[in-house]
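Visitor: I should like to learn how the features of a structural model are read, one at a time. May we begin with the accessibility of a charged side chain?

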Amino acid sequence: MLRRIALCAAIALFPLAAPAQQDDKGYLATLLEENLSGAGRTVTIDGFSGALSSRAAIQRLTIADGQGVWLTLNGISLDWSRSALLSGEVSVNELTADEIIVARKPIVPEDTPTPEAGGFSLPELPVSITIGKLAAGRITLGPDILGEDFSATLSASVVLAAGEGVVDARLTRIDDGPAAEIALKGSYANDSRQLVLDLSASEGQGGIAARMIGIPGTPATDLAVQGSGPIDDFSAQLRLATDGQDRLAGTVAVKADSFAVDVSGDVAPLFLPDYAEFFGQQVALKATGQQTPAGGLSLTNLDLSARSLSLQGAVDLAPDGLPTRLDVTGQIAAPDGSRVLLPTSDRIEIDRADLSLAFDSTT
């Protein structure tokens, strides 16, 4: 934190220490590189100009790890008020980049400490930050990030002051892939712990989300999540649609140490056509549980129902997804008494099944 304060002060007071306009790279760019670099991270700045004015520019900024450069920013422009920094405010009219290239995922050093879990809070900075316009003309993600090349534009505004934050951002895909857009509006305050979230995401047919989830035919998808309330008892409304038809809707609630899910809808089109009859036109899931300290999942109350399926009980999953405890009862049967095709690759049909599953990995 002291380094950040010193860096802000140096930027604001730099004109007082410079008897005349000089090569910006010789002082301020070097100062930025030294303060932004760290263990396993090397920051390089080229073409830094305008440090003595209210509009600064950087031709190129790169961040590298042990395998080389993984992040490149080209054509950075900063339009800001240096005098406002002396009164405890970073006031930025515009912070833009012509191009941001994320070639791959960065390498995380093995000795990087894992932060202990704790309550969420925004950082209490020594200055308030207001960015009227945060934008990138083109953001390019390498195939290592999402499984395919991806390019988009970003426009946003950000405010962070006195433990309160507000963000309004929009990401729009601009390459030859399916149309996609993500919009986020949100706010949070440390004192009241009130969170407001409004997220919407949409992709055309053949989009990344449908491919990664494995939805047959990779239809166009629309996701909306909206909610407001204290972060320790937060509830959000969720809606998922494909090809313009609502598929899943309900509530997801998160408390300090647990969560609850209550969603339902016609999700049969999200599975292979052969299995649509098994799930029917209404699938409902109610579950309560919590994440374990080791990173697993404990469902203390599970209730899943579909046309040919009814399950109730409790399930504990290890971090790798394998069950460590099962206590589930249920039934597989068609309402009309016909044979049931199970949703497996073996095309197994049964007349009926009454289930009672019990397992404890410790015994």
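Visitor: Is arginine 352 buried, partly exposed or exposed?

Guide: Relative accessible area sets the class: buried is under 20%, exposed is over 50%, and partly exposed lies in between, with a 1.4 Å probe and protein chains only. Arginine 352 counts as partly exposed because its relative accessibility is 49%. Aspartate 354, at 56%, is exposed. The model is predicted, so local features need pLDDT of at least 70 and side-chain atom pairs count only at pLDDT 80 or more, while totals for chains, interfaces and linings use all residues. Residues are numbered from 1 along each chain as its sequence is written, and side-chain values use heavy atoms, with hydrogens and water left out.

Visitor: What does aspartate 354 form with arginine 352?

Guide: A salt bridge requires a side-chain nitrogen of Lys or Arg within 4 Å of a carboxyl oxygen of Asp or Glu. Aspartate 354 and arginine 352 form one, with their closest N and O atoms 3.4 Å apart. By this rule the count comes to 14 salt bridges. Another joins arginine 239 to aspartate 246 at 3.0 Å, N to O; here arginine 239 is partly exposed at 34% and aspartate 246 is exposed at 53%.

Visitor: Which residues are linked in a network of salt bridges?

Guide: The network links Glu148, Arg173, Asp175 and Arg211. Within it, arginine 173 and aspartate 175 meet at 2.6 Å, N to O. Arginine 173 is buried, as its relative accessible area is 9%.

Visitor: How should polar contacts be read, and what does the side chain of serine 37 reach?

Guide: A polar contact is a pair of N or O atoms within 3.5 Å; within protein, one must be able to donate a hydrogen and the other to accept it, and residues adjacent in sequence count only if both atoms are side-chain atoms. The side chain of serine 37 reaches the backbone nitrogen of valine 43 at 2.9 Å, and a polar atom of that side chain lies 2.8 Å from the backbone oxygen of glutamate 33. Serine 37 itself sits in the loop between helix H2 (28-36) and strand S1 (42-49). Helices (H or I, at least four residues) and strands (E, at least two) are DSSP runs, numbered from the N terminus.

Visitor: Where is serine 298 found?

Guide: Serine 298 belongs to strand S15 (residues 297-306) and is buried, at 10% relative accessibility. Its side chain makes a polar contact of 2.8 Å with that of aspartate 316.

Visitor: How many aromatic pairs does a search of the whole structure find?

Guide: A pair of aromatic rings is described by the distance of the centres and the angle of the planes. Rings of Phe, Tyr and Trp (its six-membered ring) pair if their centres lie within 6.5 Å; planes under 30 degrees apart count as stacked, over 60 as edge-to-face and the rest as tilted. The search finds 1 aromatic pair. The rings of phenylalanine 278 and phenylalanine 279 have centres 5.1 Å apart and planes at 85 degrees, so the pair is edge-to-face. Both phenylalanine 278 and phenylalanine 279 are buried.

Visitor: What is the mean pLDDT of the protein chain?

Guide: pLDDT is the predictor's confidence in each residue, from 0 to 100. The chain has a mean of 85, and 86% of its residues reach 70 or more. Among its elements, helix H1 (residues 2-17) has the lowest mean, 46, and strand S9 (residues 194-203) the highest, 96.
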